[in-house]
Amino acid sequence: MATEAQDGTLTVTDNRTGTTYEFPITDGTIRATELRNIKVSDDDFGLMTYDPAFMNTVSCRSAITYLDGDNGVLRYRGYPIEQLAAKSTFLEVAWLLIHGELPTTAELASFTEDIVGRMPVDPSIAASIGAFHQDAHPMGVVEAGFGQLSTLYPEAKDVDSDPERMDALYNTIAKIPTIGALAFRHNQGLDGVAPDPVLGYSTNILKMFFGSDYEPDPRLVRALEILLILHADHEQNCSTSTVRVVGSSRVDPYSAVGAGVAALYGPLHGGANEAVLVMLREIGSKDNVPAFVEKVKNREALLMGFGHRVYKNYDPRATIIKKACDDVFEVTGVNPLLEIAVELERTALNDEFFVRRKLYPNVDFYSGLIYEALGIPSDMFTVMFAVGRAPGWVAQWLEMINDNEQKISRPRQVYVGADERDYVEIESR
Ligand SMILES: CC(C)(COP(=O)(O)OP(=O)(O)OC[C@H]1O[C@@H](n2cnc3c(N)ncnc32)[C@H](O)[C@@H]1OP(=O)(O)O)[C@@H](O)C(=O)NCCC(=O)NCCS
C-alpha cells in the first residue's frame, strides 16, 4: 500500500545532455509519460521504460484487492482473506468485490436469488457444446462459450449503460459454472443438468456436474465455497490484466472475460493445479521426493505449485486450502497424493535452493487435491479457477471502464528489426 511518506520528487540527470529533470512521486510511482520529457533533441520521441513482463509497471489505480507478497497478505476491499474464507459465502464476496462493501442481509438474499436465477444458459449454448469433440478440453469450451454469450446479449456492447453492465457482470458470474458443467458433462457423454433456482450457487455447481440425484455433503459444499472465495480476485494477475486490456477497447464484458479465460488456460497461470497433480502422480511415492527435488534443482523440472511472481512468502491462500484439505478428506478419505505433497513441501521448504529464491507453495499446490476429492477431474480444475475468478474479472472490468484515465491499452516497443530495404521480386529471392 502506498503511503504519503513515499511521495516527493525524483531528480534525474540525463548524462547524455547534462540536463536535470524533476518528477513528482505519487503513491510510490512516477508517471511513465513524464520520462517522455527527457530528450536529447527536440525531435527525439523521449525516454521510455522497457518492462516486457510488466515486472515493475503499475497499470492502474485499484481499490479492489490489496496484496503484500513479501508478508503474505491478501485482502479484498480491505477485508483479510482469512476472515472472508471463514465467514463469507462466495456470492457475498462477489458482491463485495463488485460493489465495494459487504452486502446487507436483504442485498445478499436478493443477489443470491438473482444470480442463481441467471444460471441457466440459452439452449444454443448447450447445442454448441454438443458440437465439440467429446474429448474437448473444457477450458476451450468455456472460452468459446463467452464468445457465444457476447452474441446472445448484444446489448452488453453498451458499456456506458449501468443496467446493461450489471446484467452482463451478473450473467458472467451466474453462467460460467453452467457452461463449465455442460462442458464437463459433454466430456462424460452425458446430458446437461439444469440448475435448480431453490438451491445455492455451489450446491448447484456440484449437482450440475454430478446429476440432480447427487446430494453433496455440506462440508464439501463449504470447501468448494472456500476455494472459490480464495480465487475470487488477485489484483493485476495475467488474466485480470488481460480482461482490463481487452476491455479497454470497449468491447462487451463477455468478450473481455473470454480473453481472461484464455489467459487463465495457460500452464503458468490457471493450469498449474492440474500440473501439480500430474507431477505428484509422476513422483508416485513419498520415497521418490528427494530424487524429484534434485531434478528441479538441476533445472530438469519445475516444482509446480511453488513460486509466485508476487508472493515471496507463504501464499496465504495455500494455508487456508491446506486446512480445507483436512475437512474434505474427513468426508472422502485421504488422497494418497496428499502424503507426497506434504513431503514435497517439507523437503523444499528446508532446501537452500527454494529458500534462497523465496519459493513457497502457492494456491495451486493443494487446490487440485481438493478438487480431485470432490470428484472433479483434473482438466476441469482451471474451469473451477475461472468460476472463482469471475467476480474479480468483472469487478476489475467495472473499475477500468469507470476510470477516466483509462484509454485503450497500447504498449510501446523497441524496434529491433531490419532497416528500410527495397522489395525483392519473388523470382529474384
Ligand atoms: C509462478 C511463476 C511463473 C513465477 O515466475 P517469476 O516471477 O517469473 O519467477 P522466476 O521465473 O523469475 O523465478 C525466480 C527463480 O526461481 C526459480 N523458480 C521459480 N519458480 C520455480 C519453480 N516452481 N520450481 C523451480 N524453480 C523455480 C527460477 O528458475 C528462478 O531461478 P534463477 O533466478 O536461478 O533463474 C514461477 O514461479 C513458476 O513457473 N511456478 C510454477 C508454476 C505455478 O505454480 N504457477 C502458479 C502460479 S499461482
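These are my notebook entries on a predicted model, taken up one region at a time.

**Entry 1: the ligand**

I began with the ligand and looked up which residues surround it; there are 17 of them, and Arg 299, Leu 303, Gly 305, Arg 309 and Arg 357 come nearest. Sorting this shell by class, I found nine nonpolar, four polar and four charged residues.

I then went through polar contacts one by one. A backbone N or O atom of Leu 303 lies 2.8 Å from a nitrogen atom of the ligand, and a polar backbone atom of Phe 306 is 3.0 Å from a nitrogen atom of the ligand. With Arg 309 the side chain is involved, since one of its polar atoms lies 2.7 Å from an oxygen atom of the ligand. I also noted that the ligand taken alone exposes 860 Å², of which the protein buries 70%.

**Entry 2: the hairpin of S1 and S2**

Next I turned to strand S1 (residues 8–14) and strand S2 (residues 19–25), which pair in the antiparallel sense over seven bridges. As a reminder to myself, strands of a sheet pair through backbone hydrogen bonds, either parallel or antiparallel. Gly 8 has Ile 25 in S2 as its bridge partner. Four residues sit between the two strands of this hairpin, and Gly 18 takes a positive phi near 80°.

**Entry 3: the sheet of S3, S4 and S5**

In what order do the three strands of the open sheet come? I read the order as S3-S4-S5, with antiparallel pairing. Strand S3 (65–68) and strand S5 (79–80) are the edge strands, each of them pairing on one side only.

I followed the S3 and S4 pair, which is antiparallel and has four bridges; here Asp 68 has Val 73 in S4 as its bridge partner. These two strands form a hairpin with four residues between them, and Gly 72 in the turn has a positive phi of about 65°.

On the other side, strand S4 (residues 73–76) pairs with S5 in the antiparallel sense over two bridges. Arg 75 stands opposite Pro 80 in S5, while Tyr 76 stands opposite Tyr 79 in S5. The hairpin of S4 and S5 has two residues between the strands, and Arg 77 in the turn has a positive phi of about 50°.

Which residues of S4 lie on its covered face, and which on its uncovered one? Leu 74 and Tyr 76 make up the covered face, and Val 73 and Arg 75 the uncovered one. I set beside this the general rule that in a regular strand the side chains alternate between the two faces of the sheet.

**Entry 4: the cysteines**

A disulfide is a covalent bond between the sulfur atoms of two cysteines, and my search of the whole structure found zero disulfides. Cys 238 is in no disulfide, and its nearest cysteine sulfur, that of Cys 60, is 14 Å away.

Is Cys 325 buried or exposed? Cys 325 counts as buried because its relative accessibility is 1%, and the cut-off for buried is under 20%. Cys 238, in contrast, has a relative accessible area of 47% and is therefore partly exposed.

**Entry 5: Pro 290**

My last stop was Pro 290, which has its place in helix H12 (residues 289–297). With a relative accessible area of 45%, Pro 290 is partly exposed. I also looked up its separation from Leu 344: the two residues are 54 residues apart along the chain, and their C-alpha atoms are separated by 8.1 Å.

Note on methods: Residues numbered from 1 in each chain as written. Heavy atoms only, no water. Near = heavy atom within 4 Å. Polar contact = N/O pair within 3.5 Å; in protein donor to acceptor, adjacent residues only side chain to side chain. Areas by Shrake-Rupley, 256 points an atom, 1.4 Å probe, with all protein chains shown as cover. Nonpolar A, V, L, I, M, F, W, Y, C, P; charged D, E, K, R; others polar. Disulfide = S-S within 2.5 Å. Buried < 20%, exposed > 50% of the residue type's maximum accessible area, 1.4 Å probe, protein only. Pairing = 2+ DSSP bridges.
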